[in-house]
2 protein chains.
Amino acid sequence: MKKQMRAAFQGELGAFSQIAVRQLLGEDAVPVACERFEQVFRSLKEGRVERAVVPIENTLHGSIHENYDHLLNFDLEITGETSVRIVHNLIAAPGVKWNQIRRVLSHPVALNQCLKFFAANPHLERVTHYDTAGSVKTIMEEKATDAAAIASAVASEIYGAHILKRSIEDDRQNYTRFFLLERPAKKRAGEGGGERKTSLVFTTRNTPGALFRALSAFALRDLSLTKIESRPLRGKPFEYLFYVDVLADVADAKMQKALGHLEELADFLRVLGCYPRGK
Amino acid sequence: MKKQMRAAFQGELGAFSQIAVRQLLGEDAVPVACERFEQVFRSLKEGRVERAVVPIENTLHGSIHENYDHLLNFDLEITGETSVRIVHNLIAAPGVKWNQIRRVLSHPVALNQCLKFFAANPHLERVTHYDTAGSVKTIMEEKATDAAAIASAVASEIYGAHILKRSIEDDRQNYTRFFLLERPAKKRAGEGGGERKTSLVFTTRNTPGALFRALSAFALRDLSLTKIESRPLRGKPFEYLFYVDVLADVADAKMQKALGHLEELADFLRVLGCYPRGK
């Protein structure tokens, strides 16, 4: 019998991260819920799970620097990426009908992403909760007949609730990008075919044009970037960390030369991983 | 009598944004609390306030893309910046002592930024609330004797509460950068002396090296960037919006030439504002 793969993620069962786990690893992977991001990284590092899945950026809220920091500190490898559209649904216990609902529980960020829904339904009281999926868990435990939760369809399914209204979020352009992580392997079998991306982090001294010169390593070799972001290094005024994603396999000759070139120009350089490009 | 300046911000009175209002405009400005970011921009646009203050990026959570979107849509001007260190304090009603506390209310993000404190005090129940400053308001209204809130020192002061424990956050490197906004003026008096920054947004077509060429407009003129960030344009695969902050006055001859050069290379370019560099 094949041992099932365990994948750590942050949040309650039914969180959007669990949808990312399914997209990346299929239905058979066993999701392992952790309270904090650091615990997700630690679980993988210490071998309690085989994979971890973490959000890295959101179209409305930007990059999750905390997870970039953990990527640098825990020395794990990115081996996949996927994007999940954040769809908020109004969810109630079985048998509970729309016209019974008076209270709506969810994480404040989710409540704030459904303001048009609340404006159209002013009789509904907003109740803040620690987690979107956790709010479904709570209304099921309470057997609430006057309360609903805002969460993912997966949360509704997991806790045996039902969806009263689908996709009540204000902005449909709300996507979160997730990384799949593994412990570093000596040599990874190539995925064969398909585009690959390489994620890296580097720092430069702040001399005018330092970033420009660093990017020449890629531009002069016709390598495309799909992300670039600067982040000030605290306590080191004028020094920056850069996150860059390159549309290339780290093993390609051109990319190897670009990395060699960048090493000459950067104070610090780390390849975080190479993985098939997500759709 | 001079009319007092009104400044819109998002959150309850006592929110970290109100600290930014004080840092940027002094004690005399009248803070006007709004529920949503969009309302902050709209209040300024429609003349109900003279200034607005919005968070634009955080050292742990990245850029707040929503506010960049509003900046583009509302056609307002950035005229200042400041950084606020996010300090979380444990706050209770007057007379309430530390050993009486059993419940702690706050926004889930703030609760999650004080995990070491909760690990050291496992008898405390975490209660999620819609807002940090709002949690102080609530414990004061409830005259709670067993509950405390986690919020800013300003929130404690405004609601007449008192601080039981200062600075209980896990990470002291938690800063939020705010922009001061005004309606566009025909001509703004120069601030005289001091370094100035210019924030701009542009898009390029995705040809390899397009960003590299765009940055040449600044690098070839020895102009330093203090921020660069790409953001994919949804629905337009391979097209990106770039946010860039340049350490220069928009009126400088070199900067004017750089902008002219960038206009040749970019599909879209907008200067969001020019302002004295924050410390």
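How are H2(B) and H3(B) oriented to each other, roughly parallel or roughly antiparallel? This is a predicted model, and that pair of helices in chain B offers a convenient place to begin reading it. The axes of helix H2 (residues 37-45) and helix H3 (residues 65-74), both of chain B, come within 10 Å and cross at roughly 25°. Angles under 35 degrees count as roughly parallel, and H2(B) and H3(B) are therefore roughly parallel to each other. Their crossing is right-handed. On the side of H2(B), the contact is made by Phe37(B), Glu38(B), Phe41(B) and Lys45(B), while H3(B) brings Glu66(B), Asn67(B), His70(B) and Phe74(B). Sorted by class, this contact of H2(B) with H3(B) holds three nonpolar, two polar and three charged residues.

A second pair of helices in chain B can be read in the same manner. The axes of H8(B) and of helix H9 (residues 253-265) of chain B come within 8 Å and cross at roughly 170°, and that angle makes H8(B) roughly antiparallel to H9(B). Here Arg213(B), Ala214(B), Ala217(B) and Phe218(B) of H8(B) meet Ala258(B), His261(B), Leu262(B) and Leu265(B) of H9(B). The residues of this contact of H8(B) with H9(B) divide into six nonpolar, one polar and one charged.

From the helices we turn to a sheet. Chain B contains an open sheet of five strands, arranged in the order E8-E7-E9-E6-E10 and with mixed pairing. Strand E8 (125-128) and strand E10 (162-165) of chain B stand at its edges, and each has a single partner strand, so one side of each is left without a neighbour in the sheet. On average, and with direction ignored, neighbouring strands of this sheet are turned by 40° against each other.

Within that order, strand E7 (residues 103-106) of chain B can be followed towards two of its partners. Four bridges join E7(B) to E8(B), and these two strands run parallel; in E8(B), Thr128(B) is the bridge partner of Ser106(B). Three bridges join E7(B) to strand E9 (residues 147-151) of chain B, and this pair also runs parallel. Arg103(B) has Ala147(B) as its bridge partner in E9(B), and Val104(B) stands opposite Ala148(B) in E9(B). Helix H6 (residues 132-141) of chain B lies across strand E6 (89-92), E7 and E9 of chain B, and its direction is at about 155° to E9(B).

The last step leads from chain B to its contact with chain A. This contact takes 33 residues from chain B and 33 residues from chain A. On the side of chain B that touches chain A, the elements that give two or more residues are strand E4 (62-63), H3, helix H8 (210-219) and strand E13 (225-232) of chain B. The residues of that side comprise 13 nonpolar, 14 polar and six charged.

How, then, are the two copies related? Chain B can be laid on chain A with an RMSD of 0.0 Å by a turn of 180° and a shift of 0.0 Å along the axis, and the two copies are thus related as by a two-fold rotation axis. The same surface serves both copies, since 100% of the contact residues of chain B recur in chain A. Of the residues of chain B, Glu229(B) comes closest to the rotation axis, with its C-alpha at 2.1 Å.

Methods. Residues numbered from 1 in each chain as written. Chains lettered and ligands numbered in written order. Predicted model: local features only at pLDDT ≥ 70, side-chain atom pairs only at ≥ 80, totals over all residues. Axes fitted to C-alpha atoms, helices over the stretch in contact; angles between N-to-C directions. Parallel < 35°, antiparallel > 145°, perpendicular 65-115°, else oblique. Left-handed = near helix turned anticlockwise from the far one by under 90°. Contact = placed C-beta atoms within 7 Å. Nonpolar A, V, L, I, M, F, W, Y, C, P; charged D, E, K, R; others polar. Pairing = 2+ DSSP bridges. Least-squares fit on C-alpha atoms with pLDDT ≥ 70 in both.
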